[in-house]
There are 2 protein chains.
Amino acid sequence: MVEYKSDENLSRLLKAVSDTTRRSLLTQLSQQGVSRVTDLAGYYDMSLNAISKHIKVLEKAELVTRKTIGRTHWIEANLEQIKLAENWFMELKSIWELRLNKLDELMKNGDASDD
Amino acid sequence: MVEYKSDENLSRLLKAVSDTTRRSLLTQLSQQGVSRVTDLAGYYDMSLNAISKHIKVLEKAELVTRKTIGRTHWIEANLEQIKLAENWFMELKSIWELRLNKLDELMKNGDASDD
DNA sequence: GTAATTGTCAACCTAAAGGTTGAATATTAT
DNA sequence: ATAATATTCAACCTTTAGGTTGACAATTAC
């Protein structure tokens with residue numbers, strides 16, 4: 001059996017950004033900076049509750065943080081977390097390169113059967 | 001209303017890689033190169049059919065390509081497509097940077113109230 | 001030609017995702 | 001005190017996701 005990296009976090013993160021509305025929210029937050037839930041909801045043709053839920057998903061993926069002051073919740077993007085995804089993509093590419101390099105070597109000295 | 005970039009493709013791609021098994025399949029394919037469906041399925045504690053489905057999802061996201069020769073289907077990773085995701089992350093970060101720079105400027109010459 | 005192999009397709013099941021609406025909870029304004 | 005505002009919670013609905021099993025179709029091996 002293949003070893004599953006314990007990557008629930010990565011799954012959560014990628015699932016979070018795989019939704020158009022949530023990606024849009026992150027863009028919005030990156031442009032506008034810290035925002036209230038109601039403000040964010042204003043941009044979308046969707047109930048406040050739906051947006052509230054989306055924000056919670058982003059929060060669990062640690063893509064945003066929340067600071068509650070009185071009755072208003074201030075939401076802020078946390079782009080740090082995105083590195084997790086980027087790292088995975090980079091790793092995958094390097095695995096790919098590795099194989100190609102090995103192949104290349106094998107082609108060059110087709111006689112020497114090592115490994 | 002916020003403008004949704006027509007990014008169904010990106011959503012499909014991110015959704016595809018948000019699943020652990022499918023990420024693992026991509027890793028496998030990057031390491032082993034072109035593989036048959038049955039070979040891939042061998043690594044997982046899951047029915048062949050399930051893996052077949054996963055591969056179809058990857059295929060629709062254009063993360064893998066398929067070449068059918070006789071009864072066997074040869075699957076190959078297509079890392080090109082991953083750039084789509086990477087671009088989105090980069091864009092997001094630059095949007096973020098942009099705002100921070102503006103803020104910075106505003107702080108420096110707090111008098112000049114333009115924009 | 002009969003049997004085995006490689007895959008998909010279709011039907012089904014269960015759980016999760018994305019929305020809705022209607023309270024409920026806290027906080028602030030009048 | 002009462003009303004308005006900001007948000008979440010809970011219950012519900014519908015669609016999608018991920019898995020299973022059982023046929024089926026095509027190709028290859030004996």
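I started with A:K53: an N or O atom in its side chain sits 2.6 Å from a base oxygen of DNA strand C. I'm calling that a polar contact, meaning a pair of N or O atoms within 3.5 Å.

Note to self: this is a predicted model, where local features need pLDDT of at least 70 and side-chain atom pairs count only at pLDDT 80 or more, while totals for chains, interfaces and linings use all residues. Residues are numbered from 1 along each chain as its sequence is written, and side-chain values use heavy atoms, without hydrogens and water.

**Strand C.** I looked up the phosphates next. A polar side-chain atom of A:H54 is 2.3 Å from a phosphate oxygen of DNA strand C, and B:H73 has a polar backbone atom 3.1 Å from a phosphate oxygen of this strand. I found 22 residues around strand C, with A:N49 and B:R66 among the closest; to count as near, a residue needs a heavy atom within 4 Å of the strand. Of the strand C atoms within 4 Å of the protein, 64% are sugar or phosphate and the rest are in bases.

**Strand D.** Which residue has a side-chain N or O atom 2.4 Å from a base nitrogen of DNA strand D? I got A:N49. A:R36 puts a polar side-chain atom 2.8 Å from a phosphate oxygen of strand D, and for the side chain of B:D19 I noted 3.4 Å from an N or O atom to a phosphate oxygen. There are 22 residues around strand D, and A:T38 and B:H54 are among those that come nearest. Here 62% of the strand's atoms within 4 Å of the protein belong to sugar or phosphate.

Definitions and conventions: Chains are lettered from A and ligands numbered from 1 in the order in which they are written. A polar contact is a pair of N or O atoms within 3.5 Å; within protein, one must be able to donate a hydrogen and the other to accept it, and residues adjacent in sequence count only if both atoms are side-chain atoms.
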